[in-house]
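Student: I should like to take a close look at a single part of this structure. Would you please describe how its pieces are arranged, step by step?

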Amino acid sequence: MLVDTHAHLSDKQFDEDRWETLDRAFGGRVAGLVEIADQESQWPAARTLAEQNAGRVFWCPGLHPYYADQTDPELEDRFQAALKHPQSVALGEIGLDYHGDPLPPAVQRAALTRLLSLAVDIGKPVVIHCREADRAARQAQAEMLEIFSRFFPAAPAADRASGVLHCFQGHLDFARACVDRGFMVGVDGPITYPNAAALKAVVQELPLDRLVLETDSPYLPPQPWRGKRNEPSYLETIAAEMARVKGVPLAEVERQTTLNAERLYQVSFQAPKI
Ligand SMILES: [Zn+2]
Ligand SMILES: [Zn+2]
């Protein structure tokens with residue numbers, strides 16, 4: 001049994017076959033899924049997807065760094081209201097992204113700081129966007145670490161997590177520093193790519209009880225589907241590669257990553273389904 005801890009099924013790429021996509025996932029090894037809304041205009045669709053799939057789908061209201069300028073004085077109020085929804089499990093994704101033609105770093109840092117402050121205040125975990133391992137990402141990660149040191153001075157209680165570094169492809173030192181502050185690390189399709197030696201080395205080094213599985217659908221499909229749309233049923237391929245890299249049985253990866261997802265999001269993905 002697997003949990004896809006990060007997907008964007010409200011994306012228009014699923015408009016033709018969203019229900020079939022969910023059926024393929026839940027008909028296989030996937031027991032639960034967390035739908036991530038990157039900006040406020042996407043919150044209602046994510047919430048509705050969760051409501052229509054109670055017990056299996058949960059959601060997160062977020063403000064991706066691409067949209068970090070979509071703020072106003074009432075931002076926290078709206079997040080707080082969204083996070084009161086019974087199937088809303090974390091705040092995110094949020095973060096810093098300096099690739100391409102980014103919003104000014106100060107704007108991104110201001111939004112991230114406001115939302116981390118809210119999450120800590122109300123006791124919700126955060127979903128952190130930090131995808132790459134290049135120079136721009138290195139800078140963003142260094143700044144995030146500095147910000148995290150203020151908000152997460154120590155690791156939380158053993159049965160909780162501060163949040164997740166979703167779709168991690170960065171350096172081991174950054175992952176370790178965040179793990180020490182109570183973060184989980186999200187592993188996605190790129191672990192199956194032929195050039196993934198650095199990522200595999202990071203996954204090998206991190207303890208299995210800090211890793212969660214995710215697809216980030218429709219992005220970053222595992223190797224067999226590269227160039228196509230990603231979907232949650234492909235999570236099995238990512239889990240199998242993680243088992244190979246860690247040198248543990250697939251059943252152990254399934255068991256531990258599901259427990260980790262439950263610790264991260266503070267919900268049960270194993271409740272009997274109606
Ligand atoms: Zn992301
Ligand atoms: Zn995402």
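**Helix packing and the zinc site**

Tutor: In this predicted model, the axes of helix α3 (residues 75-82) and helix α4 (residues 105-122) come within 11 Å and cross at roughly 40°. An angle under 35 degrees would count as roughly parallel, and α3 and α4 are therefore oblique to each other. The crossing of α3 with α4 is right-handed. On the α3 side, the contact is formed by L75, E76, F79 and Q80, which meet R114, L115, L118 and I122 of α4. Sorted by class, this contact of α3 with α4 comprises five nonpolar, one polar and two charged residues.

Helix α4 also packs against helix α5 (residues 135-151), and here the two axes come within 11 Å and cross at roughly 30°. That angle makes α4 roughly parallel to α5. The crossing of α4 and α5 is right-handed. From α4, the residues R109, L112, T113, L116, S117 and V120 take part, and they meet E143, M144, I147, F148, R150 and F151 in α5. By class, the contact of α4 with α5 has seven nonpolar, two polar and three charged residues.

We may now turn from the helices to the metal site. The zinc ion (ligand 1) has as its protein donors E93 through OE, H129 through ND1 and H166 through NE2, and these lie 2.0 to 2.2 Å from the ion. Along the sequence, the donor residues of the zinc ion (ligand 1) follow the spacing E-x35-H-x36-H. A further zinc ion (ligand 2) is 3.5 Å from the zinc ion (ligand 1), and E93 coordinates both. Because E93 belongs to strand β4 (residues 91-95) and H129 to strand β5 (residues 126-129), the pair ties together parts that are 36 residues apart in sequence.

The accessibility of these two donors completes the description. Residues under 20% relative accessible area are classed as buried. E93, at 2% relative accessibility, therefore counts as buried. H129 has a relative accessible area of 3%, so H129 is buried as well.

To draw the account together, α4 meets residues of α3 that include L75 and F79, and α4 also meets residues of α5 that include I147 and F148. At the metal site, the buried E93 coordinates both the zinc ion (ligand 1) and the zinc ion (ligand 2), while H129 and H166 are among the donors of the zinc ion (ligand 1).

Terms used:
Residues numbered from 1 in each chain as written. Chains lettered and ligands numbered in written order. Predicted model: local features only at pLDDT ≥ 70, side-chain atom pairs only at ≥ 80, totals over all residues. Heavy atoms only, no water. Axes fitted to C-alpha atoms, helices over the stretch in contact; angles between N-to-C directions. Helix = DSSP H or I, 4+ residues; strand = E, 2+ residues; numbered from the N terminus. Parallel < 35°, antiparallel > 145°, perpendicular 65-115°, else oblique. Left-handed = near helix turned anticlockwise from the far one by under 90°. Contact = heavy atoms within 4.5 Å. Nonpolar A, V, L, I, M, F, W, Y, C, P; charged D, E, K, R; others polar. Donors = N, O, S within 2.8 Å, 3.2 Å for Na, K, Ca; no water. Buried < 20%, exposed > 50% of the residue type's maximum accessible area, 1.4 Å probe, protein only.
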